[in-house]
Structures are given as C-alpha cells and as structure tokens.
Amino acid sequence: VSEPVDNQAYYDEFSGWYERERGRGYHALIDELEMRIAGPLAQGARVLEAGCGTGLILQDLASRARHAVGADLSAGMLRGSAERGLSVVQADLTKLPFPDGLFDVVCSFKVLAHVPPIREAVAELIRVTRPGGRLILEFYNPWSLRYLAKRIRPGHVSERLKEDAVYTRWDSAQNVLDLIPKDAATVDAIHGVRVFTPFAQVHKVPGVAAVFGALERWAVASPLRWFGGFLVVEMTRAGADPSPPAG
C-alpha cells in the first residue's frame with residue numbers, strides 16, 4: 001500500500017507516466033467508449049472538461065466543439081494539454097473560475113471518484129452548465145470487475161506511487177443518484193463502461209483484445225451496464241434554455 005498523498009501531488013507525479021499506455025489497447029478503448037457518449041453532445045457546443053489531464057479527450061472534444069476549455073488541479077497534467085495547444089486553466093473542481101451557466105456541455109471522466117467533497121464538486125459542475133445544458137459525469141462502480149481488480153492489484157502511477165495512494169470513492173448507481181440535487185438536474189441515462197474486462201492486460205493479447213472490445217462496445221447500453229467499472233451519467237440541468245448553442 002502506497003503512503004497517501006494529496007490529489008495535486010499525486011497527479012503531478014502521475015503526469016510523467018500518464019501517457020505511457022494511453023492511446024492504445026485498453027485505454028484507447030475506454031476513451032472511445034466515453035467519446036461515443038460525449039462526442040455527439042459536444043458538436044458545435046461550448047464545452048468544459050473538468051479534470052482534463054494531459055488533454056487526450058479534450059483534444060477530441062475541441063475538434064467537435066464551438067469552444068472547448070479544460071480544467072485540472074495538476075500543473076503537471078496541464079503541461080500536456082498546453083503542449084497540445086488546448087485552452088486550459090488550473091482549478092479545483094469545487095471552485096471553478098467560470099460564471100454561472102457558461103457551458104452547453106460539461107464532461108468529467110475519472111475525476112469525481114478522487115474528490116472527497118463530492119457533493120460540492122457535482123453542484124459546481126451543474127452551476128457552470130447553462131439551464132437545459134448537458135452534463136456527462138463518470139463515477140467508479142463497486143459492483144464491477146474493475147473494483148475487484150483494483151483491490152487485488154493496484155497499478156503503479158510512478159516509480160514511487162501506486163493507485164491506492166490517492167483518495168478514491170466507489171459509488172453504486174443508487175449512490176450516484178443520491179449525489180445529484182433533484183431540483184438542479186435530471187438524469188437522462190446511465191451507461192456502463194468496462195463491464196467484461198478483468199484486467200487491462202487482456203487487451204494486449206491479439207484476438208482476445210478484439211473479443212473483449214466487441215463485448216465492451218455492446219455492453220455500454222445493455223442490461224449489464226450496471227456492472228460497468230465506470231458509470232457514465234448523462235444529465236440535463238434544470239431550468240429554461242435561454243441560449244441554445246449555435247448549430
């Protein structure tokens with residue numbers, strides 16, 4: 001077990017290794033499945049990715065959006081986004097430097113599970129979304145193979161740190177619904193990402209990777225989605241829509 005560190009220090013150190021496995025295999029598949037959900041909503045919209053990291057997903061969002069901005073706590077992670085020429089700010093997700101209702105679409109992947117004041121973070125993401133705008137927020141699901149895998153063998157994020165060095169929460173679908181203020185947003189859909197994959201390494205095996213990839217693509221909206229390692233929640237901010245995005 002790694003010695004616990006604060007989120008900013010953890011991700012600053014993680015940034016050096018972050019893209020070693022990204023862009024291919026398991027991680028590329030997860031990014032693809034997430035973008036299948038977020039991509040169509042981002043088309044022609046004003047988009048915020050909260051917890052953008054080195055900008056791999058933000059880069060894809062920016063290619064579709066009218067305007068896309070990323071926010072992240074880690075200066076180390078943001079260097080990667082800046083090198084990609086993306087618009088980013090360093091900020092805590094509970095205190096975003098944006099006015100109310102600025103964005104048509106707000107996305108957050110693999111971030112909220114590491115934020116202890118989770119209700120404040122969700123409320124802040126809703127605040128910066130315009131009335132009638134959409135949110136795509138991802139949570140870690142304890143009813144999943146991924147949960148078991150992380151309990152058995154947490155991976156390294158650097159020479160010194162493992163994944164268990166950072167605060168991590170696990171929320172079932174019911175817990176997620178309880179985190180969302182009922183008067184502020186409505187849940188439109190819940191998707192399940194990484195249902196069948198026991199360990200990321202199976203996606204390095206030719207043939208086996210293709211089978212798991214096909215299963216994972218099918219499972220996102222299937223009855224088995226409730227067992228996804230990642231629960232991706234689509235929401236609409238409450239209120240009348242004063243300024244729909246330009247087409």
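The following paragraphs describe the nonpolar cores, the packing of selected helices and strands, and the salt bridges of a predicted model.

The largest nonpolar core comprises 32 residues, of which Leu48, Leu96, Leu112, Leu125, Leu137 and Phe139 touch the most other members. At least two residues of this core are supplied by each of β1 (46-50), β2 (67-72), β4 (103-108), α5 (118-127), β5 (129-140), α7 (173-179), β6 (185-193) and β7 (230-237). The largest share is that of α5, which provides five residues. A second core, of 29 residues, lies apart from the one just described and includes Leu58, Val105, Cys107 and Ala113.

The surroundings of leucine 112 illustrate the packing in the largest core. With residues up to four places away in sequence left out of account, leucine 112 is in contact with Leu93, Ile118, Ala121, Leu125, Leu137, Glu138, Phe139 and Arg169. Among these partners, Ile118, Ala121 and Leu125 belong to the buried residues of α5, a set completed by Val122, Glu124 and Ile126. The buried residues of this helix pack against β1, β4, β5, α7, β6 and β7.

Strand β5 is likewise well covered: nine of its twelve residues are buried, so the strand is largely enclosed by the rest of the structure. Its pairing with β4 is parallel and extends over five bridges. Within the model, cysteine 107 is positioned opposite isoleucine 136 of β5. Cysteine 107 is also one of the members of the 29-residue core.

Nonpolar side chains are found at the surface as well. Trp143, Trp218, Leu224, Trp226 and Phe227 together form a nonpolar surface patch with about 590 Å² of accessible area. Of these residues, tryptophan 226 is located in the loop that runs between α8 (208-219) and β7. Tryptophan 226 is classed as partly exposed because its relative accessibility is 36%, a value that falls between the limits of 20% for buried and 50% for exposed residues.

Salt bridges number 14 in the whole structure. In one of them, the side chains of aspartate 100 and arginine 127 meet at an N to O distance of 2.6 Å. Aspartate 100 is situated in the loop between β3 (88-90) and β4, whereas arginine 127 is part of helix α5; the pair therefore ties together parts separated by 27 residues in sequence. Aspartate 100 is exposed, at 56% relative accessibility, while arginine 127, with a relative accessible area of 22%, is partly exposed.

Arginine 127 also forms a salt bridge with glutamate 124, in which the closest N and O atoms are 2.9 Å apart. Both residues lie in helix α5, and because they are three residues apart, about one helical turn separates them. An α-helix has 3.6 residues a turn, so residues three or four places apart point the same way. Glutamate 124 has a relative accessible area of 11% and is therefore buried. Arginine 127 thus has two acidic partners, aspartate 100 and glutamate 124.

A further salt bridge joins glutamate 234 to arginine 134, with 2.8 Å between the closest N and O atoms. This pair connects distant parts of the chain, glutamate 234 being in strand β7 and arginine 134 in strand β5, 100 residues apart. Glutamate 234 is buried, at a relative accessible area of 12%, whereas the value of 22% for arginine 134 makes that residue partly exposed. In addition, Arg46, Arg66, Asp104 and Arg130 are joined into one network by salt bridges that share partners.

Strand β7 also contains threonine 236, which counts as buried at 18% relative accessibility. Beyond residues up to four places away in sequence, threonine 236 touches Gly132, Gly133, Arg134, Ala184, Ala185, Thr186 and Asp188. Arg134, one of these contacts, is the residue that forms the salt bridge with glutamate 234.

Aspartate 164 occupies the loop between α6 (145-152) and α7. With a relative accessible area of 28%, aspartate 164 is partly exposed. The C-alpha atom of aspartate 164 is separated by 8.4 Å from that of lysine 150, a residue 14 positions away along the chain.

Conventions:
Residues are numbered from 1 along each chain as its sequence is written. This is a predicted model: local features need pLDDT of at least 70, side-chain atom pairs count only at pLDDT 80 or more; totals for chains, interfaces and linings use all residues. Side-chain values use heavy atoms; hydrogens and water are left out. A nonpolar core is a set of buried Ala, Val, Leu, Ile, Met, Phe, Trp, Tyr and Cys residues joined through side-chain atoms within 4.5 Å. Buried means under 20% relative accessible area, exposed over 50%, partly exposed in between (1.4 Å probe, protein chains only). Helices (H or I, at least four residues) and strands (E, at least two) are DSSP runs, numbered from the N terminus. Contact means heavy atoms within 4.5 Å. Patches are made of residues with over 30% relative accessible area and no salt bridge: like charges are joined within 9 Å, nonpolar side chains (Val, Leu, Ile, Met, Phe, Trp, Tyr) within 5 Å. Accessible areas come from the Shrake-Rupley method with a 1.4 Å probe; for residues, only the protein chains shown count as cover. A salt bridge is a side-chain nitrogen of Lys or Arg within 4 Å of a carboxyl oxygen of Asp or Glu. Two strands pair if DSSP finds at least two bridges between them.
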